[in-house]
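Visitor: I'm new to looking at protein models. Could you show me how to read one?

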Amino acid sequence: IKGQYGKYFAAYDDKLRDELLRQQAIIDEMETALKEEQFLIYLQPKYRIRDDKLAGAEALVRWNHPKWGFQSPAEFIPLFEKNGFITKLDQFVWDKTCSYLREWEEKGYPPLPASVNVSRADIYNADIADILMNTVEKYGLPPSRLHLEITESAYTENPGQIIETVSHLRNLGFIIEMDDFGSGYSSLNMLNQMPIDILKLDMKFIQSETVKPANQGVLRFIMELARWMHLSVVAEGVETREQLDRLLETGCDYVQGYYFARPMPERDFEKLIREQQSD
Ligand code: C2E
Ligand code: CA
Ligand code: CA
Ligand code: CA
């Protein structure tokens, strides 16, 4: 092909090739990164709205590569979900997070829970319950100190199997949070059968630029539904005072977002715990 088309495809090919090279580089580096502790755990505080109390943290993985610097999880997590490496990485995150909980306990801080992300790939791992139980037991923690965030879309892929596995985890005592709730997959009808304790609202509910009255109505409806089902609700992605005010009106239980704090290293999170104690 000559002319415009040829040029267009050449540019397209270049972009595609760069993208594939970049993905391959990430895959080539991942095992070393895990061994050399380039993966770091950042903690983002969750607050209880009722009394402004620190109520826990979400553990979010960071990759600080010696040459590339900090890499976005939004890029490498989907890749690791495809090639299966996420299972290993998540186990590292769970272990590290439990080690923090243990450290705080030994320092006599009030027992906070921590939430970890559980990838859909992890749920298909037949050993997941054993692995999670071994991890909490290793650090002498009750399973209820670990909240498992499982994205809503995972439930709809293979509802039968997911519900069975997650019910088992919940019966063992882990607290189950449905992440990205309302992102468009779960039907209200199915929600009823899902083994969950906490709804974690998708950010889009509070981040929609123009706050329409109808939107506020949807929020109210979700809170009402949650109360009726005995679930608590976490809103994430809270960036402004206005967003917080809207949540206050609807009776949301917990908040997380840049308005309060960004994800931070454990050292800084520990400072928050100490400040809270002296309040
Ligand atoms: P997620 O689980 O929905 O996590 C929330 C994301 O929103 C995090 O992005 C967090 O840093 C960001 N965030 C927090 N507050 C605000 C805010 O006020 N405004 C905005 N715009 N964003 C906020 P992050 O850390 O880049 O993670 C992206 C996604 O990568 C996560 O979405 C999660 O799906 C995945 N992920 C991160 N860490 C892990 C992990 O250890 N394991 C697994 N399986 N997935 C992870
Ligand atoms: Ca999450
Ligand atoms: Ca989320
Ligand atoms: Ca510490």
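Guide: Sure! A word on terms to begin: an axis here is a line fitted to the C-alpha atoms, for helices over the stretch in contact. And keep in mind that this is a predicted model.

Visitor: How do I describe two helices that pack together, and what are the values for α3 and α12?

Guide: In general, you describe two packed helices by the angle between their axes and the distance between those axes. Here, helix α3 (residues 86–106) packs against helix α12 (residues 266–278) at about 35°, and their axes are 12 Å apart. The crossing of α3 and α12 is right-handed.

Visitor: Which residues meet there?

Guide: From α3 you get Tyr-100, Glu-103 and Trp-104, and from α12 Glu-266, Phe-269, Glu-270 and Ile-273. Sort the residues of this contact and you find four nonpolar, three charged and no polar.

Visitor: Now the metal: what holds the calcium ion (ligand 2)?

Guide: Look for the protein atoms that act as donors. For the calcium ion (ligand 2) they are Glu-58 (OE), Asn-117 (OD1), Glu-149 (OE) and Asp-179 (OD), at 2.1 to 2.4 Å. Along the chain, these donors follow the spacing E-x58-N-x31-E-x29-D.

Visitor: Where in the chain do Glu-58 and Asp-179 sit?

Guide: Glu-58 is in strand β2 (residues 53–65) and Asp-179 in strand β6 (residues 175–181), so the pair links distant parts of the chain, 121 residues apart.

Visitor: Are Glu-58 and Asp-179 buried or exposed?

Guide: Buried means under 20% relative accessible area. Glu-58 has 4%, so it counts as buried, and Asp-179, with 8%, is buried too.

Visitor: Which residue coordinates both calcium ions, ligand 2 and ligand 3?

Guide: That's Asp-179, and the two ions are 4.3 Å apart.

Conventions:
Residues numbered from 1 in each chain as written. Chains lettered and ligands numbered in written order. Predicted model: local features only at pLDDT ≥ 70, side-chain atom pairs only at ≥ 80, totals over all residues. Heavy atoms only, no water. Axes fitted to C-alpha atoms, helices over the stretch in contact; angles between N-to-C directions. Helix = DSSP H or I, 4+ residues; strand = E, 2+ residues; numbered from the N terminus. Left-handed = near helix turned anticlockwise from the far one by under 90°. Contact = heavy atoms within 4.5 Å. Nonpolar A, V, L, I, M, F, W, Y, C, P; charged D, E, K, R; others polar. Donors = N, O, S within 2.8 Å, 3.2 Å for Na, K, Ca; no water. Buried < 20%, exposed > 50% of the residue type's maximum accessible area, 1.4 Å probe, protein only.
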